[in-house]
Each structure stands twice: as C-alpha cells, then as structure tokens.
4 protein chains.
Amino acid sequence: MIVIMQPNASARQISDVIARIRAMGYEVHLSEGEAHTIIGVIGQGRTLDRENLSTMDGVQDVLRVTHPFKIASRYYHPEDSIIPLGTSLVGGQDLAIIAGPCSVEGRSEILEIAHAVREAGATALRGGAFKPRTSPYSFQGLGEEGLQYLAEAREQTGLAVVTEVMDQNLVPLVCQYADVLQVGARNMQNYSLLHAVGESQHPVLLKRGMSSRIEELLMAAEYILSHGNMRVMLCERGIRTFETETRNTFDINAIPALKHLSHLPVIADPSHGTGKWEYVESVSLAAVAAGADGLIIEVHQDPEQALSDGRQSLKPERFAELVRKARLVAQAMGRQVVEPAANAAKER
Amino acid sequence: MIVIMQPNASARQISDVIARIRAMGYEVHLSEGEAHTIIGVIGQGRTLDRENLSTMDGVQDVLRVTHPFKIASRYYHPEDSIIPLGTSLVGGQDLAIIAGPCSVEGRSEILEIAHAVREAGATALRGGAFKPRTSPYSFQGLGEEGLQYLAEAREQTGLAVVTEVMDQNLVPLVCQYADVLQVGARNMQNYSLLHAVGESQHPVLLKRGMSSRIEELLMAAEYILSHGNMRVMLCERGIRTFETETRNTFDINAIPALKHLSHLPVIADPSHGTGKWEYVESVSLAAVAAGADGLIIEVHQDPEQALSDGRQSLKPERFAELVRKARLVAQAMGRQVVEPAANAAKER
Amino acid sequence: MIVIMQPNASARQISDVIARIRAMGYEVHLSEGEAHTIIGVIGQGRTLDRENLSTMDGVQDVLRVTHPFKIASRYYHPEDSIIPLGTSLVGGQDLAIIAGPCSVEGRSEILEIAHAVREAGATALRGGAFKPRTSPYSFQGLGEEGLQYLAEAREQTGLAVVTEVMDQNLVPLVCQYADVLQVGARNMQNYSLLHAVGESQHPVLLKRGMSSRIEELLMAAEYILSHGNMRVMLCERGIRTFETETRNTFDINAIPALKHLSHLPVIADPSHGTGKWEYVESVSLAAVAAGADGLIIEVHQDPEQALSDGRQSLKPERFAELVRKARLVAQAMGRQVVEPAANAAKER
Amino acid sequence: MIVIMQPNASARQISDVIARIRAMGYEVHLSEGEAHTIIGVIGQGRTLDRENLSTMDGVQDVLRVTHPFKIASRYYHPEDSIIPLGTSLVGGQDLAIIAGPCSVEGRSEILEIAHAVREAGATALRGGAFKPRTSPYSFQGLGEEGLQYLAEAREQTGLAVVTEVMDQNLVPLVCQYADVLQVGARNMQNYSLLHAVGESQHPVLLKRGMSSRIEELLMAAEYILSHGNMRVMLCERGIRTFETETRNTFDINAIPALKHLSHLPVIADPSHGTGKWEYVESVSLAAVAAGADGLIIEVHQDPEQALSDGRQSLKPERFAELVRKARLVAQAMGRQVVEPAANAAKER
C-alpha cells in the first residue's frame, strides 16, 4: 500500500501516519517529492484497511499495490486449472458446451431436450430446478422433482448436470443430483452460500454478478477456494449498463482479463449476456475466439412456451448450427476440439 | 401487455399470436396501423410472460403496461405507511436518524457510541454483528456477541437497534436482539432471505442493491410484503456508476420516485452513497430536502481505527452538527421534527 | 507519478524504467518492498504520459498522485470564485435561479415566460435558440431570431440571458445577445468550442457530459480557464446509468465533490437530471441543501405544447412554489438569499 | 406511438388526449382494457413529441413503436451497404484492417509504421493529425503537417488513409488528404460536424460515443445520411461502465445488433475498447467472429515512446500475428478474405 500525503501535510501528520502503520506491524519507506510526501507500506502485518489510513489528517489518497485475491491469482498458480466436467476437461484444449432449458419444466420436456442437445454436440446439460425470480408471483421451479428429472436425463444421455443452488441449506440436496453447482449472478456475494459450496468440495460454476467488477468475481471465487474447493469455473454472463437494445452487455474483455489474472477456467453465457436469441450465436463465437473455455447456452424445443427466459433460448436446430460453427472457430484458434461422435464413443 | 407486430407480419403470424394469448385465458384487442398491427392483451388470465410472446414469429416487441409490483404500490395503498421505530414513527412527520458504527467492535466501543449518537439526536442505533465482506480475509463481525452488546446499548440508551441479517438461518437469532432486520445491498435479491424476513413479521430495512433498478427494489419489497409482513422500510444507499471520485453515486432521484410509486417509508444512507465522510453531511441534507423519511449514518469515535468503513464514518461531533442542520432543513420543508430533548422525555 | 513494478521484475527492467524517467527530466526515488519495487517520479520535467511507462516491460501499474487540472483546482485558488450574473452574484451567498423554456418558440411565448419566471423569483432567463437534437428531423431552434427575442425579454424584465452555443463559429453572434454562453452536455469535450468560448472572455455555463467523470468536467473547465476566461460556472445535469425510471441520474454527490475540488460555482439542473417534472422540485431542494450555488429549471406555460422537453418542464405556478421552498431551504442552510422584491428594486 | 392512460383517467382526460393527437394530423385507435384505456396513434402527421403527450393529465406512459432512424435502417435498405476503402470493399466478404499509430508523430515515424502495417496485412492506415485530448496541456497533434505525411505514406504504400476531423471548419482541409474522415467518440453528437461531413460526400468512419446507446449511434449516422452521404461506416469502440480493469467495456453485442438493425458496415476498435494491448488480440478475434466487417488497431514501433495511447498500442510483430489469426477466424466464419499478397498485386 502507498499513502500519498496532501501537499500541505505537516510533519506531525506525517509522523502520525507512520506511527499508525508501524503499530500494525509494518515497516515504512518514505519518499519526499516536491509537492507530496509518499509513504510506502512494507512487510507483513495485521490487516491494514486502506480506508483507515485514508481518513487520517493530511492524507490525500491511499493506493493499493496488489490485487486482493490470492489463491485465485495466476501468480499463485501459473498453470491453467483443468476441471473435469462429465467426460470432458474444462480449461484445457477442449471446448465445454453446456446446454439446456432455463428451467426444468417437466420430465418428458427435459429428457427430450437432453437428447437434442447431446446430439447437437453439448458436453453437459443445464436446467434450473430452483429458480431465482424477480417477482414472487412467477414460476419458482420444480424443486427436488426437477433434480430427479435431471439425474434421469444424465443416465439416459451421459451428459453431466449443471444446476443452480440458491440457498446454502439446499447444497447437500443439490450435490446428490448435480455434477456442478451453479451459483447465480444474484448470489455472487451471498457469502453463506459461497461458504457452503466451498465446504461441499463439489465443482462450482460461479456466475459474475450483474454489476460486479472482474476483481470482485475473483474475490467471490476466493471465498470458495479458501475452503479448499479448487474446482471453480468462472462465468461471464453480461453486466448491467445503460444500453437498452440488449438485456445485458456481454463483457468480452472479461475473458482475456480473467485468463490473464487467474488460472481458473472461464465459461461464457451469451444467452443472458445478450437476452435475445438473435444475437446468441454471434456472441458465442466471439467468446470462443476471445479464449473462453466453454459456453453455457439456453436451448428450448419451443421457446414461445418456455416458462422463463424464452426470449433468449435457441431451438435445438439453431443450437446445433452454433456448435458446428463454434468448433470451427475453436479449431482456427488452435484448440483440439473433441468431435461429438468421438465424445459419444468415449462414454461407452 | 401490448404486442407490436413487425411491419411485414403475415396474417398467419398475427392469428398465431392471438391464439396464444387466448389460450392463456385473455382477450385481445386488435388495432391495425399503417405500418404495424398492434394487439392489446385484456383481462385476467394465467401468468403471461412477456418474453414468450416476444419470441413468436412476426413479433417486433412486447410492452408492459403496468408495474409488476402490487402490494408495494401506491395504487394499492394510497396513504403513506407509517412504521414504529423505537419511540418514533417512520414515514410520518418525524425524521428517523439511525446512527452508529459499521461494525460492533467491542462492548465498551458500542456502548460509548450509542450514548454519543443518542446525545447528538439519533433515534436508533445501527451496528453490524454479521458483516458481509468482499474479502474472506477481512473482519467478519462478532456474531451473537455483537448482538448482545447491541441489546445492552438499547437498554442503556433507549435507542432501537437496527442490524443486518445475512443468512436466513440466523433470522430467528437476530430477531431476538434487534428491533429492525437490515437486508444488505448484496442480498437484495437473496430470495431465501427475503422469504425468511417476510415470515418473521419483524420490521425490515431493505437496502437497494448496488445495481438494482427502482422497480427491482420494489419487487424485492414485494417478496417480503407478500408474506404479510407490511413493516418494510426502503433504503437508498447509492448505485454503481462509472464515477470514481465517490464510492457510489447516491441516487437522489430515487427518493421522490419511491415516494411516488410506493407508500413505504424511504431511508437514505449517505455514508455508503458517497463513501467519503467529507460528503456525508451535504448528501444527508439533500436527502432530507428531497423528502426522505430518515437517515442512516455511520458514526465512529475514531474512524481511523475502525475495523471497516472508516473512510465514510463521521466523528460524533460532526454527526451532531449534521443532525442539527438536518432538523433545520426538515423544518424548512414543513416537517414537525421532534427535538432530541422531547424525544428523551418521551422515553421516561 | 508512481511506478509499481511486477513482483518478478528484473534489475534490467527496473533500470530501464529509471532511465526513461530521467530522460524526460525527472528524478526518481526508489523503494524496494518485499514483493514490489516502487519508483517515485519527482520534479518537473517534460510531459510524461502515464501510459508510456505502463507499457514498459516489468511494469505492473502506474499511479497518478495529483489531479490533472490546475487553474480549476481549489489548491490553486482557495477562495470561492464569484461570478456576476445580471444583478446577482453566483458563487457567494445568494442563490442563482435561471429559468425558462427549453427552446425559444416565438416572440410572444418567450416574453410571456420571461415575465412569469421573473415574478416567480428567477434571477436569469434561459432559452435555446440553437438546439442540439438527437434526430435530424426534430425542431432545431429559431437561430438568431430566437436570440433577438431573448434580448428583448431581457430589456423588458431585467433578467440576464443564458443560452446555448453549439458551434464555435457562432460564438461571436451569441455573445452579442447573451449574458452567459451555455456549453451543452454533448459538447463538453468539443475542444474547438471550448477554445472559442475561452477566447470570448464571456461568462460560461459548462454542463457536465452525460457520462463524464467529475475530473473530466474539471478538465473541460481547464480548457476554458487556460485561455484566461475565469468566469466559468459548472453545471451538474445528471449522468447516464442503468436506471430507467428517470431520464438521467442526478449526481448529488457531484455538488460537494466539485465544491471540494474546485473554486468554481456549481449550478444544478434537476430538469434534465430527472427528466420528469414530478421529481424536479424535490431534486431542486436537494441540490440547494447539498450546497449548489444555483438552479437552472425548465419552465413552460403549456408543457404539453412545448416543442421540446415538455416532459420535464414546470408550469409557472409550480415553479413559483419551487422558488419559495428553495429560498426556505437556502435560509435553513445559512445563506443570505436576496428576496425577489429586493432584487427587483436593485434593477431600477 | 401508443398512449397508456392511468387506471383512473377520466373520460374528459381521454378525450383531451384524442383531441391533441387529431390536432397534429393523426388518427387514433381506442382500446379499453379492464384497467387502462390505450390510445394508438395512426397515420402520418406533424412531428409528435412523445414527451408532450406524456405530460397531459391522466396519461401514464407513452410508448414508441418504431425506431427513430430511417435511412440507416435495414427496413429501408435490406442489403448490406458496401463501401470502397482503398483497394478493398468494406461490408462485403473481405475484412478491412485499418492500422497505425494513435497520433502522427513525425515523417519518418509514420512512413516506417505505414510500411510495417502494410507488410503485416493492413488494408488502410490510421493516424491522428488533430488529436482531441482531455487535457489542454497534452500533445494536440501535428495538424496539416501530419496530414501531408499521411498522404506521403499512402503514396509509398498504397494504403488508404483514415484520419480524424474534429472541427467542421477543417473538413475541407482533411478531405484534401484523407480517404476516410473519422468522427471521434467525443464528437458523435457534435451536430455541426456531422452536418459538415455529411455535406462533404467523403466516406466517414463514425465512432460510437462512450455512453451512447446503439440507437443513438444510428441516429448520429442518420444526420450524415440525411445529407445524401451514404458512405458511413459505424465503429464500436467500447462503452463506459463501472469496470476498472479495462479502460472501456467493448460492447460485443453491438456488432450483431448493428448488423441486424442497419445495413451499414461495422468496424471494431479493440484498442480503445480494452485500453490494454494485452487484450487487443483476443477482442479483435472476438469481433471478427461476431461478424465485424473490419478492425481498426493502434500499432506503434515503440509504444513506450508514443506521444499518446501507448498503453493500448501493439508492436508491428504482434499486429502481424493478430492479422494472421483474424484471417483464420474470418475464414472459419466463411468469409473470403483477400490475402495480403493478392492485395499488394491488385495495387500495381
């Protein structure tokens, strides 16, 4: 940390700041410029909150030198983390493609979609059994019944199951059925939930909050990682801006930035990132070209009848086309993408 | 709801949309313009998701006519809701002034501040026993011990206690000690928590999420109200924007907007809304002039030593000055503000 | 400026950075922490762009120590700047109230409004003769004819005239008629225009761009000030955010922040800041309570017939009520507000 | 347009709104729902401002049915517009690659970069002779001298020249030297400049303002198109958000959205869109995969010495690598990309 004193700071104010820093167990390094005295904080002491120093008399600003996340950082773990998801590996050469409906709406519906997305080349199945809805009067999901249908779909298709857990009390239940616990955007800073999924040691797909900075997403991951659960996938799903033509603004910059700052795999969610099915394919291909390790896409046989998010869901045939093109882009980028057929073979 | 068809929509596409609307139990009203056919949806049917209609062939846009919240709406409840908070009433003539440290840091610290803010004119005491922190390595609060100290401070000062509950499992515990359950900004869409505080029937201070629209804050309130708990206070605490001079942008527009759209009382939090103690007084007075029913202010004897949020905390003497000015502004606005002395007298 | 090297920066990389800094005429101050070497830049050299240093090998970050504006800064000019506007002084004890229609729509219309706002207590008249419109097909203003009507209104009422100049070529023309040149939000970074109004030596009302940071507003003021034109008033008029209930988000924090960072007067524009007449009064009072030196308010006899911005215009009687309340709030804040009557007397 | 009346609107209020609409030359279509009366506006009348109707008594909301742009719309011109740029065509099969320094810094510098980017596969040269700078104390460009060097570079390399014009008075001068007039982000709503470049009939590269909505970018294009200048290229260059890890947030959604709403070619600027050279390649490939018709990239031989924007400039060898990969992605997308060699051959 670096403390910048005001141009007119007195010797007394400067020595007070130094005393405070030393009282926390740190050393200081003093630099007197023409206008400003600058105090560097050196060493390992107790937690030193930037805000406390910044309220001291004569202090103009306090600047942080390092990112606050540790285990999530690429400095800490220079190699890419690779996380198994069903028969594929996320974070390596292959491209993970997680697809399915927003909500599990019934047994036959989810089984039908599971087969459809598998044939189109998906490597995992998504579907919500517990749904966070803005309105208390909207469909809230089928609950455990939905989880059972997802498990049945996995049995029939071999696809791994990714589903959201909204409540720390339900983590044990969801772990029984799901291969990956999804933490939704609204819950990115629900620390009780982060604690519980961290303790679970189950793989986690952590979605970026709709107004969270990249650094805050990595701090949320740090909560999970600090419980020893290293299988965390980060998910960019669009941020909230002033633009109204799309539901969210997909932050494509976040993909190279997250890969640069962290070793964790990055999954892109263009369905929420755009909110309109017309733009999902373009943004999916963009995410692959930017270096994403996978895609999570909403697919529905009949989007007009979907109980939620129909506006951004693809029909299976459009999804198949998207997968075909995404593989071509991934190959152009030099990735060794496993063909759906080979994929199918491996499972037997 | 109103469906706007594309300029080139076919008769078949139009009749499909009409059929879908009727299948959900609604009537339609057709209007054929020069360019667009427009279909009005009339009556009371099953939940009709705007998104489903918008994916149908030939549909250009689907517009909502009414706000989605009901019990929170001023149409539903034209008079201001008035909620008792200790010896004062929030939402009426008086100005609620909730003050105290960000975190409860120890017994003597909280007792000392409680007396200080009471003397300065506060009507309630705030202080966090459970703290949501961006970093897993930061101070997380004293837990139940902190709640006990808050209760002791109430006994000594007569101030009502407002404290955050972060986890639905802790709602019963926090209810034992607190007069008002605070739901923090990060949890505004934690639906399990909203459900639990709704069931508790305890008064709630609901903070706006840092990137939540005004309508979404009212939908979060609706979750609590829909459990029959009508004692909800809304809290504007700043939103996230591109501005970097301040920690958040306090949305002053939200105060008249919330009073216009809803009957619930509105509390302003200029400490988080600015993030810098230098600007807290100005924005507090602004909030009162804009019609806020109360203020919640961070106060600390020694902000430089605070374990959290020191940067935005006022010293007690500055807080006393703020209260004095806030009362003058409230009086200029025609509010009948109860004097701290009168307030003290009432308690005996 | 402070250069923070990466944890693994080599001695060679460090010495390269030092050499570059010295080559620009500065001295360095070196500080070696446990993880990072930090290099302070000291003295007065040639322009040193933060960005250049930040691309050098081994550099992690480059932090600026001081704000980039100079003449606009309160360090440079600690006392409040006071700027005459008609018969009142802006930036001192009095409250400037600039009012009038969005556009000058005709001779009788502007004369009528001018008398109405003067009676209601306005100290200056606003009205656009040249209108920046998002659509090329919208009403673009009456041009010089509009300026003539404004001048006639001044003659009849004694009110100073504030009007927008959109184009540097029109600065001489507008100076002939107007007392204050308004630079609109869309033109805050139109440097040719800033240069021209700077050269004109005419008082300027500079509106904040809709996505400009506070620092950028002060840098735009610096462009004008650097031409020796010290009569600049800053105007907060709302910023663009994700909120859709209001047209813009009025940044109330900007008022104390601008007063803290700069000596220039600050005017608030709640008409654009909210975009809805229902909220204009509340936000006007808030701005006065936050310390604004004046208000600029859109007033129209018949907002429903206005050629632009009718949605946010007040009728004269509502405006009179607003002025009455604004004076009460200003007095509660300790300002000596000149009564409209006294004001009128002074003119004779 | 559609007018939604309040639930309690009186018959008189409804008939007043209808009278107003008819007075403007339109017909109405009335629809009475259970709660709301809805009035459709039909036909072609005089300009009817949504805001005026929305201020009438009893009106709840006024909704627009169509986008406000016309000539820029794909409804108006369903085929892609194709615009010649040097030897290539922008908007068709080929991928335009515009590269060069932020500023023209000297004769030898620009000639050297021009040759370097041409060899690396660029199809046009960028470079600023007039620079809009936030600070009045920063380097403002070489002016006409810079234009002369750009013209000399074109002669030597055959590359078309793209350069910014900041001031309507300079349009004739810049037209003498440049093949394409760039309108910068800060000037997207400088209507005098849009008018002048429209009149010039010279090809234009129009950059999106940093907080402009997609619709507003298309309205700015409409200003140019309405002067009969149909050769407009749109440029996405990142928008301003709360994220601080990158300088701007590149809005990848804007690429499919602009292609969907308009027939004009879309160019991506990942240099400004990210602000960090480390992320430029990833976001460039993403833009190509999303369907962009071209890229504009900042390249500098020695970014550390650049007089502006060094932080986001690529060295020529990294740029060559980017071009190679961009061609692979474009080919994977099915585009027929002209090889640099073929390109060179065509020129002779």
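Modeller: Axes here are lines fitted to C-alpha atoms, for helices over the stretch in contact, and angles run from 0 to 180 degrees between N-to-C directions. This is a predicted model, in which local features need pLDDT of at least 70 and side-chain atom pairs count only at pLDDT 80 or more, while totals for chains, interfaces and linings use all residues. Residues are numbered from 1 along each chain as its sequence is written, and chains are lettered from A and ligands numbered from 1 in the order in which they are written.

Colleague: Why is helix 6 of chain B described as parallel, perpendicular or oblique to helix 7 of chain B?

Modeller: Helices (H or I, at least four residues) and strands (E, at least two) are DSSP runs, numbered from the N terminus. The axes of helix 6 (residues 191-200) and helix 7 (residues 214-225) of chain B come within 7 Å and cross at roughly 45 degrees. Angles under 35 degrees count as roughly parallel, over 145 as roughly antiparallel, 65 to 115 as roughly perpendicular and the rest as oblique. Because of that crossing, helix 6 of chain B is, relative to helix 7 of chain B, oblique.

Colleague: Which element gives the largest share of the side of chain C that touches chain B?

Modeller: With contact meaning that C-beta atoms, placed from the backbone, lie within 7 Å, 35 residues of chain C are in contact with 36 residues of chain B. Two or more residues each come from helix 7 (214-225), helix 8 (254-261), helix 10 (277-289) and helix 11 (316-332) of chain C. The largest share, 9 residues, comes from helix 10 of chain C.

Key:
Two residues are in contact if their C-beta atoms, placed from the backbone, lie within 7 Å.
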